[in-house]
Amino acid sequence: MLYGPAPPGGIRTASWSGKGDEMKEYLPSNLRNIALVGHGGAGKTTFVEAVLYGAGITNRMGSVAEGNTVSDYNHDEIERKISISTSLLHAEWRDLKFNIIDPPGYPDFMGEVKAALRVSDIAVVLIKAVEGIEVGTEIDWGFTKEYKTPTLFVINKIDAEHSTFEKVLLQLREKLSHDAVIVQFPATEGVGAESVVDVLKMKVLKFDRNAKGKYTESEIPTSLKDTAEKYREELIEQLSETDENLLNAFLETGGLKDEEIVSGLKKAIIDRKIFPIFASAGQQLVGVTSILDFIADYAPSPIEAPQASAYRAGNPKEEVKVACNPGGDTVLFTFKIISERNIGELSLFRVYSGIVMPGMDLVNQVNGKSERLGTLYTLNGKDRKEITKVIAGDIAAVVKLKDTHTNNTLSSKNLPLVMKKIDFPDPIMRVAIVSKNRHDEDKVASGLHALHEEDPTFLVEVDPELSQTVLSGQGEMHLQVVTRRLKERYGVDVEMVEPDIPFRETIKGSVADSEYKHKKQSGGRGQYGHVHLKLEPKPRGSGFEFVDAVVGGVVPGRFIPAVEKGVIEAMERGVISGHKVVDVRVSLFDGTSHPVDSDEVSFKIAGSMAFRKGFKEAKPILLEPIYELEVLVPDEHMGDIMGDISGRRGKILGMEAEGSNQKIRAQVPLKELYKYANVIRSMTQGRGVFRQKFSHYEEVPKEVAEKIVAEAQKDKVEQE
Ligand SMILES: Nc1nc2c(ncn2[C@@H]2O[C@H](COP(=O)(O)OP(=O)(O)OP(=O)(O)O)[C@@H](O)[C@H]2O)c(=O)[nH]1
Ligand SMILES: [Mg+2]
């Protein structure tokens with residue numbers, strides 16, 4: 001179904017194209033797409049730096065501490081010494097092109113990890129040899145399950161003083177997977193570590209820092225022989241269990257032949273039946289080149305990897321698998337937008353089928369718009385090289401597309417497919433933003449809009465009721481990064497403040513007769529409107545009702561809508577605290593009029609004033625939005641979290657076990673949830689996660705309400 005005409009210009013493998021020695025073309029079988037993931041600070045960016053240096057892309061190895069890595073080139077990354085934005089890098093190793101995606105590990109940028117995994121065929125999960133399995137490790141592992149990505153584990157920083165490979169190994173098997181098997185383990189650990197033992201080759205690999213991390217192989221010393229054999233047996237046993245033929249061979253001979261291991265291991269990795277484990281010290285170039293060798297031999301190319309899911313445009317229910325076929329019609333998927341000095345926005349994309357070339361016309365299958373592709377680039381961080389062709393399976397960048405954002409599919413007219421989207425996490429923290437310069441408001445809005453296209457994990461909404469611009473994102477750091485970009489790129493300075501709460505006013509009591517007479521006589525024609533209103537409370541959520549109970553035309557019919565309008569306007573403005581009034585029934589049952597002076601304006605004023613007067617007498621109260629909260633935390637934090645929820649005027653609705661976690665459901669006033677993400681993170685050392693959604697309105701307790709009313713009155717006085 002996905003086959004089509006032969007690709008223009010044909011494809012050559014690892015051969016130079018006609019364009020000087022600028023560009024090499026790679027068959028899909030010669031590509032490896034890797035997402036390097038793991039908890040913050042696991043050493044991902046340093047590891048990539050070692051890969052680029054080891055592969056001869058760079059001629060020196062940069063460091064995160066010095067702020068001169070290829071991957072962390074944005075100045076906020078250099079300043080904070082952490083990754084903040086995903087980088088795309090690539091290197092050639094043994095005639096294969098390795099595309100490496102290096103997303104940040106900080107939890108606020110979890111969406112970037114999902115995007116990286118979404119377009120990769122191999123996940124490499126870096127784990128620290130000292131700290132072991134951390135929250136970020138578990139989260140990223142969970143994402144690899146979700147995307148069914150073949151995964152390798154690398155226990156990194158084995159050169160650190162307190163490196164404990166064995167302990168981390170146990171933890172890894174316990175917490176992540178019992179199907180994780182050792183391929184390489186450290187010969188020695190701690191300062192000076194320079195060798196690993198490879199249990200497939202049954203050799204010691206010694207890495208030479210002065211030779212770009214190349215390694216030499218030697219026999220395993222007696223002291224390590226038993227350990228190496230134990231791990232090799234484990235690997236072979238595990239492997240034989242992944243396939244019936246292998247199992248039979250194993251049962252017959254007590255082992256597996258080399259060729260059985262080679263083909264069996266690759267398949268088991270692709271099927272996620274085995275997760276190989278390695279040891280490395282990226283910073284010391286230890287274990288890096290041998291992992292590249294392993295990936296070259298055993299990790300899937302885009303042809304061998306599980307096929308990506310899509311659906312036919314307009315038919316989301318019918319899943320289609322997209323074969324990586326360079327000869328087919330073109331399909332590409334944009335997974336990230338970055339903004340680069342001098343050239344503006346670049347969309348990072350993966351080609352799933354066909355070939356992509358500049359000048360090509362494709363259709364954005366998400367919004368139906370047509371796009372002409374501009375200049376194409378391969379990237380190594382901020383370094384880019386212009387290319388003329390991107391073949392199925394490969395990952396590259398294209399200059400700003402008119403109507404295409406992150407998570408869009410572009411394809412040729414003949415193949416209207418929509419690739420499965422990245423399911424970005426919902427925002428968990430809201431702040432209101434205030435422009436430091438009032439005239440900047442338009443620029444703030446357009447700047448945030450553009451930034452949202454680059455990063456869909458934050459949202460902007462203008463709340464017309466509170467007339468505030470509310471920014472919501474993945475945490476405090478995320479929101480700081482967004483507002484800083486706003487300043488740097490659009491020159492507007494904003495401040496983050498606590499968003500106002502959309503309180504409501506209503507009444508608990510009834511008032512049988514609230515009368516107001518509006519009368520003005522100042523020469524000429526006067527003003528006259530006179531009404532009697534009855535006010536009653538209505539059930540929560542039932543809204544406003546106006547009843548015309550006038551008898552005998554004492555208020556002429558043509559003025560009745562004006563009375564209602566006056567009441568509605570008063571309700572919109574609020575009576576006691578400046579917040580909207582809800583859930584009241586107002587009946588107009590009496591009044592008088594004047595044959596000359598009465599008009600609509602007079603009756604509107606009378607209606608409004610009679611309502612305000614009656615409202616104040618009808619036991620007014622404030623209502624506040626209550627949110628339903630769902631918190632998932634490890635058992636040991638449950639008590640603290642529940643205590644904290646009660647302290648926030650919350651009501652626990654229930655709890656249930658979910659694995660080794662507890663899920664707590666509660667209702668908490670929105671007012672008490674400001675920056676709750678920080679609270680959860682600090683109370684659980686980053687292990688807890690939560691979701692919140694609006695539930696209903698409830699009466700604000702008296703003491704809290706009094707404060708809000710006093711505050712509103714103070715503001716009013718200040719404004720006057
Ligand atoms: N001892 C030792 N330290 C390392 C090694 N690799 C990285 N580091 C240090 O660990 C810290 C974090 O390294 P990064 O490469 O920024 O880690 P990362 O995983 O990219 O971090 P984020 O992108 O912020 O999640 C830095 O201070 C590095 O110098 C290593 O192999 N050994
Ligand atoms: Mg990094």
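Let's start at ligand 1, where one of the ligand's oxygen atoms sits 3.0 Å from a polar backbone atom of glycine 41. Keep in mind that everything here comes from a predicted model. Glycine 105 makes a similar kind of approach: a polar backbone atom of that residue is 2.9 Å from an oxygen atom of ligand 1. With lysine 44 it's the side chain that does the work, placing a polar atom 2.8 Å from a ligand oxygen. Taken on its own, ligand 1 has 650 Å² of accessible area, and the protein covers 84% of that.

Now look at the shell as a whole. There are 17 residues around ligand 1, and the ones that come nearest are Lys44, Thr46, Ser83, Asp159 and Gln283. Sorted by character, the shell has 10 polar residues, four nonpolar ones and three charged ones. Which element gives the largest share of this shell? That's helix 1, with three residues.

Next comes the magnesium ion, ligand 2. Two side-chain oxygens coordinate the ion, OG1 of Thr45 and OG of Ser83, at 2.0 Å. What makes this pair worth a second look is where the two residues come from. Threonine 45 belongs to helix 1 (residues 44–54), while serine 83 is in the loop between helix 2 (75–80) and strand 4 (87–93), so the two tie together parts that are 38 residues apart in sequence. Are these two residues buried or exposed? Threonine 45 is buried, at a relative accessible area of 6%, and serine 83 is buried too, at 10%. Ser83 also turns up among the residues that come nearest to ligand 1.

Staying in this part of the chain, have a look at serine 63, which you'll find in the loop between helix 1 and helix 2. Its relative accessible area is 18%, and because buried means under 20%, serine 63 makes the cut. A polar atom of the serine 63 side chain lies 3.1 Å from the backbone nitrogen of glutamate 66. Once you set aside neighbours within four places in sequence, serine 63 is in contact with Asn68 and Thr69.

Further along the chain there are a couple of backbone oddities. Most residues other than glycine have a negative phi. Asparagine 407 goes against that, with a positive phi of about 80°. Where does asparagine 407 lie? It's in the loop between strand 24 (395–399) and strand 25 (409–411), and asparagine 407 is buried, with a relative accessible area of 9%. Aspartate 583 is another non-glycine residue with a positive phi, this time about 55°. Aspartate 583 sits in the loop between helix 12 (560–573) and strand 35 (584–592), and at 3% relative accessibility it counts as buried.

Finally, step back and take in the whole protein. The chain folds into 16 helices and 39 strands, and the C-alpha atoms fill a box of roughly 110 × 60 × 50 Å along the principal axes. Of the 720 residues, 55% count as buried. The exposed surface comes to about 31,500 Å², with carbon and sulfur atoms supplying 49% of it. As for how the chain comes together, consider contacts between residues at least 6 apart in sequence: 72% of them join residues at least 24 apart.

Conventions: Residues are numbered from 1 along each chain as its sequence is written. Chains are lettered from A and ligands numbered from 1 in the order in which they are written. This is a predicted model: local features need pLDDT of at least 70, side-chain atom pairs count only at pLDDT 80 or more; totals for chains, interfaces and linings use all residues. Side-chain values use heavy atoms; hydrogens and water are left out. Donors are N, O and S atoms within 2.8 Å of the metal (3.2 Å for Na, K and Ca); water is not among the atoms, so sites may look incomplete. Helices (H or I, at least four residues) and strands (E, at least two) are DSSP runs, numbered from the N terminus. Buried means under 20% relative accessible area, exposed over 50%, partly exposed in between (1.4 Å probe, protein chains only). A residue is near a molecule or strand if one of its heavy atoms lies within 4 Å of it. A polar contact is a pair of N or O atoms within 3.5 Å; within protein, one must be able to donate a hydrogen and the other to accept it, and residues adjacent in sequence count only if both atoms are side-chain atoms. Accessible areas come from the Shrake-Rupley method with a 1.4 Å probe; for residues, only the protein chains shown count as cover. Ala, Val, Leu, Ile, Met, Phe, Trp, Tyr, Cys and Pro count as nonpolar, Asp, Glu, Lys and Arg as charged, and the others, Gly among them, as polar. Contact means heavy atoms within 4.5 Å.
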